[in-house]
Amino acid sequence: MPAKGLLLLPALLLLVGCGGISDAPDRRVVTGTVTLDGAPLEGGVIRFRPLPEGPIAAGKIRDGKYEVTNKGGVPLGKQRVEIKGAPILPADTTGMSLGEIDAATKPAIPVPDKYHKNSELEADIESGGDPLVLDFDLKN
């Protein structure tokens, strides 16, 4: 009799584990541009922090453009948006030594704290099938 019980245990675990119920939030792909004083932000990171709390979604900014697609995009709802400049690596580092990569890397463009550490930028991510386009024009 114990052998039959052992055979049923994996089947029960599969049923319980695959119930289709997920506590992951619904998400949407978000894309857009980031400019600083009218010029595209060459490199950086954009983060969407759900208010009051939840999983953070982030994407790289390159040549003023970004796209957040990881795990389906940004969680739906109200978000605090943080934008920070980051060093800009060469587009292709194939065959480059660390020294060459370091020499070709452009320093980060400083973004005022009012858009990062003390960001007051907010966005409301609503459901939809197409990517949501959000552009940010930052001022020094």
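Me: In this predicted model, what share of contacts between residues at least 6 apart in sequence join residues at least 24 apart?
Reply: The protein chain has 140 residues. Take its contacts between residues at least 6 apart in sequence. The share that joins residues at least 24 apart is 70%.

Me: How many helices and strands does the protein chain have?
Reply: Read the elements from the N terminus on: α-β-β-β-β-β-β-β-β-α-β-β-β. The secondary structure comes to two helices and eleven strands.

Me: Is Glu82 buried or exposed?
Reply: Glu82 sits in strand 8. Its relative accessible area is 6%. Buried means under 20%, so Glu82 is buried.

Me: Which residue forms a salt bridge with Arg80?
Reply: Side chains of opposite charge can pair when their charged atoms come close. Here the closest N and O atoms are 3.2 Å apart. A salt bridge needs them within 4 Å. The partner of Arg80 is Glu82.

Me: Which residues are joined into one network by salt bridges that share partners?
Reply: Start from the salt bridge between Arg80 and Glu82. Salt bridges that share partners make one network of Arg49, Arg80 and Glu82.

Me: Which backbone oxygens does the side chain of Arg80 reach at 3.2 Å?
Reply: Arg80 lies in strand 8, residues 77–85. It touches residues far from it in the list of contacts, including His116, Lys117, Asn118 and Ser119. Its side chain reaches two backbone oxygens at 3.2 Å: that of His116 and that of Ser119.

Me: What separates the C-alpha atoms of Arg80 and Arg47?
Reply: Arg80 touches Arg47. The two are 33 residues apart along the chain. Their C-alpha atoms are separated by 8.1 Å.

Me: How many residues apart in sequence are the parts tied together by Lys106 and Glu42?
Reply: The side chains of Lys106 and Glu42 meet in a salt bridge at 3.1 Å, N to O. Lys106 lies in the loop between helix 2 and strand 9, and Glu42 in the loop between strand 3 and strand 4. So the pair ties together parts that are 64 residues apart.

Me: Which strands hold Glu122 and Lys78?
Reply: The side chains of Glu122 and Lys78 meet in a salt bridge at 3.4 Å, N to O. The pair links distant parts of the chain, 44 residues apart. Glu122 is in strand 9 and Lys78 in strand 8.

Definitions and conventions: Residues numbered from 1 in each chain as written. Predicted model: local features only at pLDDT ≥ 70, side-chain atom pairs only at ≥ 80, totals over all residues. Heavy atoms only, no water. Helix = DSSP H or I, 4+ residues; strand = E, 2+ residues; numbered from the N terminus. Contact = heavy atoms within 4.5 Å. Polar contact = N/O pair within 3.5 Å; in protein donor to acceptor, adjacent residues only side chain to side chain. Buried < 20%, exposed > 50% of the residue type's maximum accessible area, 1.4 Å probe, protein only. Lists of a residue's contacts leave out its neighbours within four places in sequence.
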